[in-house]
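Good morning. I will take one structure today, beginning with a single contact and then moving out to the whole chain.

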Amino acid sequence: MTTAMCPGSFDPPTNGHVDIIGRCAQRFERVVVAVVSNPGKSPLFSLEERISLLGDSLTEHDNIELVSFSGLLVEIAAERGVDIVIKGLRAGSDFDYELQMAQMNAHVGTMETLFMPTSPRWGFVSSSLVKEVARLGGSVVDLVPPAVASALEEKLA
Ligand code: PNS
């Protein structure tokens, strides 16, 4: 059985995240979605809210596990029996940062990272931009799962 891990802040989950995780769920027997508990910037959504929103957005698949972590990615990956970390790439600008993290993860552990291109329709979508547009009163209903759109509306009301 091959287990893939999709790590991230998911503050909040977007359609881009759901697309990458869903494509992993179709290709790997088991997918661990690892939600970092303490992302660099103070998150809009709590850890519990981010996990709950992911759960509501990933109901199509029964081979996905949601976990939280606060230490090194390689540690949670080893604990959960992960074979490979998958990172979505939207554009070349993502690549530089992701390459550095992949090489660091290979250095501090033995974790292999594979990059998966984001579907073109979600290539411009990021959690930060979604929050910015929502905060300024724009519509994000086409960019995030329905549960996230409702949660944003409630949170920013
Ligand atoms: O969604 P994000 O914010 O791009 O996710 C970033 C994340 C959680 C994948 C990254 O910050 C991470 O791997 N954090 C764990 C800390 C770690 O292992 N750092 C050292 C290796 S880069």
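Start with Lys87 and Glu98, whose side chains form a salt bridge, 2.8 Å from N to O. Lys87 sits in strand 4, residues 84–89, and Glu98 in helix 4, residues 92–108, so the pair links distant parts of the chain, 11 residues apart. Both Lys87 and Glu98 are buried. Before going further, note that this is a predicted model.

A salt bridge involving Arg90 comes next. Its partner is Asp94, and the closest N and O atoms of the two are 3.0 Å apart. Are these two residues buried or exposed? Arg90, at 39% relative accessibility, counts as partly exposed. Asp94 is at 14%, and because the cut-off for buried is under 20%, Asp94 counts as buried.

The third pair is Glu49 with Lys155, where the side chains meet in a salt bridge at 2.9 Å, N to O. Glu49 belongs to helix 2, residues 47–57, and Lys155 to helix 6, residues 146–156, so this salt bridge ties together parts that are 106 residues apart in sequence. As for exposure, Glu49 is partly exposed at 31% relative accessibility, and Lys155 is partly exposed as well, with a relative accessible area of 33%.

As background, side chains of opposite charge can pair when their charged atoms come close. Over the whole structure, the search finds 6 salt bridges; I have shown you some of them. The chain carries 12 positive and 20 negative charges, and the mean positions of the two sets are 3 Å apart.

Now the fold. How many helices and strands does the chain have? There are 6 helices and 5 strands. Reading from the N terminus, the order is β-α-β-α-β-α-β-α-β-α-α. The radius of gyration is 15 Å, close to the 15 Å that the globule rule gives for 157 residues, so the chain is as compact as a globular protein of that length. Along the principal axes, the C-alpha trace spans about 45 × 35 × 30 Å.

Two points on packing. Of the 157 residues, 47% are buried. If we take contacts between residues at least 6 apart in sequence, 75% of them join residues at least 24 apart.

Last, the surface. The accessible surface of the chain is about 8,500 Å², and carbon and sulfur atoms account for 51% of that.

That is what I have; questions are welcome.

Notes: Residues numbered from 1 in each chain as written. Predicted model: local features only at pLDDT ≥ 70, side-chain atom pairs only at ≥ 80, totals over all residues. Heavy atoms only, no water. Helix = DSSP H or I, 4+ residues; strand = E, 2+ residues; numbered from the N terminus. Rg over C-alpha atoms; globule rule 2.2 N^0.38 Å. Buried < 20%, exposed > 50% of the residue type's maximum accessible area, 1.4 Å probe, protein only. Contact = heavy atoms within 4.5 Å. Areas by Shrake-Rupley, 256 points an atom, 1.4 Å probe, with all protein chains shown as cover. Lys, Arg positive; Asp, Glu negative; His and termini not counted. Charge placed at Lys NZ, Arg CZ, Asp CG, Glu CD. Salt bridge = Lys/Arg side-chain N within 4 Å of Asp/Glu carboxyl O.
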